[in-house]
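User: I am new to this structure and would be grateful for a close look at a single part of it. Please begin with one detail and then explain, step by step, how its surroundings connect with the rest.

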Amino acid sequence: MTLYNPEWEERFLRLALLERKAKAVSVTEELQRLVQPSVLAAMLDEFIYGTLHSAHHHTDSYAHDNGFDKIVLFQDSETKMKMRLHLWHPLAIPNAKRPRQNVHNHRWDFSSAVLVGYADNHSYRFATPDEEGEEYFHYRYYARGSKEHYDVESRGKTKLVSIGTERVTEGSIYSIEGEVLHRVDTPNDQFVATLVITHENVGWVTNDLLSERSLGSEQATLPSPAMTRQKIVEKIENLRYQMGI
Ligand SMILES: [Fe+2]
């Protein structure tokens, strides 16, 4: 169950109609409004109520392979824009390190507000044939959507070149365009939370995923079970506790 009422639909439709750059500006403004503690608390109340009382359990929230919990708060039926929470939990074992995320791009631009903690965004590009770079296994990635698995298709090996790192900290809002290859690092021992709005789909069916290890030499189907509604509520209550809202 996600947030559902005509006000949200209208709000997202208005955003979807904008051109790419203007959309990033307006979505950022929308996030600025949403992250005000009283607004965020009211939205999470509404979401928790819907999660607990809906007859239908939606399957779009799950523990993402890239090390965070993804909880979909709202999905617009018309534009497919989504609003979701990404939550990274501190590692339970002292001095343990998070596995490095896969590098990837997206089928949509997105804007993200850092609610708690900080993250380092690393950006990459494909190396040209005569260039040195870091070697990765290259896959085409089919969106998980509401399926409880996702499919990848091998494209062999490729090299990437790092083009920069940007640290985003609590209170900041940033936007990343869909085609930018990136991965995120978060601190091992801290809770990190972001509120993300994905813009309208740019129309690709698949996107790129670059892994340091092989996920399969041809095609692979990787399981991705949905989070139970109890877990969703528990994780949101923890976020509220961390934020004091
Ligand atoms: Fe990403």
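Analyst: The detail chosen is a pair of residues: Arg 140 stands opposite Asp 208 in strand E12. The model is a predicted one. The pair belongs to a longer ladder, in which strand E7 (residues 134–142) and E12 are joined in the antiparallel sense by 6 bridges. E12 itself covers residues 206–211, and 2 bridges also link it, again antiparallel, to strand E4 (residues 103–104). Within that second pairing, Val 103 has Leu 210 of E12 as its bridge partner. E12 thus pairs with E7 and with E4.

Another residue of E12 is Ser 211. Is Ser 211 buried or partly exposed? There are 17 other C-beta atoms within 10 Å of Ser 211, so the residue counts as partly exposed. Apart from neighbours within four places in sequence, Ser 211 is in contact with Asn 102, Tyr 136, Phe 137 and Tyr 139. The fold also brings Ser 211 and Glu 135 to a C-alpha separation of 9.0 Å, although their positions lie 76 residues apart in sequence.

The nonpolar residues of the model can be considered next. Its largest nonpolar core has 29 residues, and those with the most contacts inside it are Ile 71, Leu 73, Leu 85, Leu 87, Ala 193 and Ile 197. At least two residues of this core come from each of helix H1 (6–16), helix H2 (20–34), helix H3 (37–53), E2, E3, E5, E11 and H4. A second core, separate from that one, has 10 residues, among them Val 103, Tyr 124, Tyr 136 and Phe 137. Three of these names have already appeared: Val 103 as the bridge partner of Leu 210, and Tyr 136 and Phe 137 as contacts of Ser 211. The part chosen at the outset is therefore tied to the second core through members that include Val 103, Tyr 136 and Phe 137.

For contrast, the sheet that contributes to the other core deserves a description. Its 6 strands form an open sheet in the order E1-E2-E3-E11-E5-E9, with antiparallel pairing. Strand E1 (62–63) and strand E9 (173–176) are the edge strands, each pairing on one side only. Strand E2 (residues 69–75) and strand E3 (residues 82–88) run antiparallel and are joined by 6 bridges; one of the pairs across them sets Lys 70 opposite His 86 in E3. In the loop between E2 and E3 lies Lys 80, a residue other than glycine whose phi is positive, near 65°. Lys 80 has 16 C-beta neighbours inside 10 Å and for this reason counts as partly exposed.

A similar backbone angle occurs at Asn 95, where phi is near 65° in a residue other than glycine. Asn 95 is in the loop between E3 and E4. With 7 C-beta neighbours inside 10 Å, Asn 95 counts as exposed.

Two helices complete the account. Helix H4 (residues 229–243) lies across E2, E3, strand E5 (108–116) and strand E11 (192–201), at about 95° to E2. Ile 232, Ile 236 and Leu 239 are the buried residues of H4. They span an arc of only 55° around the axis, so they sit on the same side of the helix. Packing from these buried residues is against H3, E2, E3 and E11. The face of H4 turned away from them carries the exposed residues Gln 230, Glu 234, Glu 237 and Tyr 241. After H4 comes Gly 244, with a positive phi near 65°.

In H2, the buried residues are Lys 23, Ala 24, Val 27 and Leu 31. Viewed down the axis of H2 they fall within an arc of 100°, which means that they line one face of the helix. The elements they pack against are H1, E5, E9 and E11, whereas Lys 21, Ala 22, Gln 32 and Arg 33 are exposed on the face turned away.

To return to the starting point, Arg 140 and Asp 208 face each other in the antiparallel pairing of E7 with E12.

Terms used. Residues are numbered from 1 along each chain as its sequence is written. This is a predicted model: local features need pLDDT of at least 70, side-chain atom pairs count only at pLDDT 80 or more; totals for chains, interfaces and linings use all residues. Two strands pair if DSSP finds at least two bridges between them. Helices (H or I, at least four residues) and strands (E, at least two) are DSSP runs, numbered from the N terminus. Two residues are in contact if their C-beta atoms, placed from the backbone, lie within 7 Å. Axes are lines fitted to C-alpha atoms, for helices over the stretch in contact, and angles run from 0 to 180 degrees between N-to-C directions. A nonpolar core is a set of buried Ala, Val, Leu, Ile, Met, Phe, Trp, Tyr and Cys residues joined through C-beta atoms within 7 Å. A residue is buried if 20 or more other C-beta atoms lie within 10 Å of its own, exposed if 12 or fewer, and partly exposed in between; C-beta atoms are placed from the backbone. The arc is that of the directions from the helix axis to the C-beta atoms.
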